[in-house]
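Thanks for coming, everyone. Please have the structure open on your screens, and let us go through it together.

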Amino acid sequence: MKTLLHLCYFGSIANYTAMIKAEKVIFEVNDNYQKQTLRNRTYIYGANGKLSLNLSILHTKDGLKQAYRDIKIEHQFNTLKTHWKSLESAYRTSPYFEFYEDDLAPLFEKKPEFLMDFNFECQEVLLDCLQLDLNSSKTVSFNLETDDTIDDYRKFVSAKNNSIGQEFSKYNQVFENKYGFIHNLSILDLLFNEGPNATTYLEEQANLI
């Protein structure tokens with residue numbers, strides 16, 4: 001079965017579960033950019049609970065809609081460096097942070113121009129960490145509806161839908177003893193806590209989406 005997904009900034013566990021379930025993944029690249037989505041944000045488990053890491057973007061002065069592919073990242077406040085410091089603070093004591101640190105750290109030293117291009121670059125590094133060989137393509141046009149040959153999981157891009165992934169199995173999290181288990185965080189949370197077992201975990205959750 002083909003699966004249609006939005007490309008996210010270090011996407012959620014649900015997003016990667018959908019990827020691993022699919023025979024082929026099609027990434028939506030012809031939609032308009034929307035606020036309050038995981039296109040430019042990801043959620044991690046910090047010392048004070050759930051923490052949102054948001055990439056600043058350059059908005060048009062006229063306020064008109066922009067295509068996702070045309071969205072540029074704002075680097076005035078060195079957001080990526082701040083995100084890496086947050087990840088170090090949150091996961092330095094996790095079992096596998098040091099194992100993946102050298103692969104991921106260079107991404108946060110860059111100053112990429114376009115959000116979509118950077119998200120693809122981040123995803124390639126993550127797929128390598130997960131040892132996933134993804135059969136994928138990109139959309140050639142935007143279609144609101146899909147036929148019955150495609151599983152449409154574009155809804156996973158929403159940052160507001162807190163119910164996604166609630167049925168997923170628990171795994172060990174660094175600050176779980178303080179705030180309990182937090183479901184469906186960034187794939188980075190799973191990777192740093194479960195390491196090579198992350199792929200097996202995703203496969204086990206595939207029937208829950």
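On one side of helix H3, the residues Glu98, Phe99 and Asp102 are exposed, and I should say at once that what we are looking at is a predicted model. Which residues of this helix, which runs over residues 97–104, are buried? They are Phe97, Tyr100, Glu101 and Leu104, and if you look down the axis of H3 you will find that these buried residues fall within an arc of 135°, so they line one face of the helix. The general background is that an α-helix has 3.6 residues a turn, so residues three or four places apart point the same way.

What do the buried residues of H3 pack against? Their partners are helix H2, which covers 79–91, helix H4, which covers 115–130, and helix H6, which covers 187–194. Let me take H6 from that list, where Phe97, Tyr100 and Leu104 of H3 meet Leu188, Leu191 and Phe192 of H6. The two helices pack at an angle of about 130°, with their axes 8 Å apart, and that angle makes H3 oblique to H6.

A second pair to compare on your screens is helix H1, residues 13–21, with helix H7, residues 198–205, which pack at an angle of about 80° with their axes 8 Å apart. That makes H1 roughly perpendicular to H7. From H1, the residues Ile13, Tyr16, Thr17 and Ile20 take part, and they meet Thr199, Tyr201, Leu202, Glu203 and Gln205 in H7.

Now to the aromatic residues, where Phe97 and Phe192 belong to one cluster together with Tyr9, Phe10, Trp84, Tyr91, Phe108 and Phe118. In the model as a whole, the count comes to 14 aromatic pairs. There are also rings with a charge over them: the charged end of lysine 50 sits over the ring of tyrosine 43, 4.6 Å from its centre, and lysine 138 lies over the face of phenylalanine 120, at 4.6 Å from the ring centre.

Finally, please find histidine 83, which lies in helix H2. Is this histidine 83 buried or exposed? Its relative accessibility is 4%, and because buried means under 20%, histidine 83 counts as buried. Leaving aside its neighbours within four places in sequence, histidine 83 is in contact with Tyr9, Leu53, Asn54, Leu55 and Phe108. Histidine 83 and alanine 105 are 22 residues apart in sequence, while from C-alpha to C-alpha they are 10 Å apart in space.

Technical notes. Residues are numbered from 1 along each chain as its sequence is written. This is a predicted model: local features need pLDDT of at least 70, side-chain atom pairs count only at pLDDT 80 or more; totals for chains, interfaces and linings use all residues. Side-chain values use heavy atoms; hydrogens and water are left out. Buried means under 20% relative accessible area, exposed over 50%, partly exposed in between (1.4 Å probe, protein chains only). Helices (H or I, at least four residues) and strands (E, at least two) are DSSP runs, numbered from the N terminus. The arc is that of the directions from the helix axis to the C-beta atoms. Contact means heavy atoms within 4.5 Å. Rings of Phe, Tyr and Trp (its six-membered ring) pair if their centres lie within 6.5 Å; planes under 30 degrees apart count as stacked, over 60 as edge-to-face and the rest as tilted. A charge sits over a ring if NZ of Lys or CZ of Arg is within 6 Å of the ring centre and within 35 degrees of the ring normal. Axes are lines fitted to C-alpha atoms, for helices over the stretch in contact, and angles run from 0 to 180 degrees between N-to-C directions. Angles under 35 degrees count as roughly parallel, over 145 as roughly antiparallel, 65 to 115 as roughly perpendicular and the rest as oblique.
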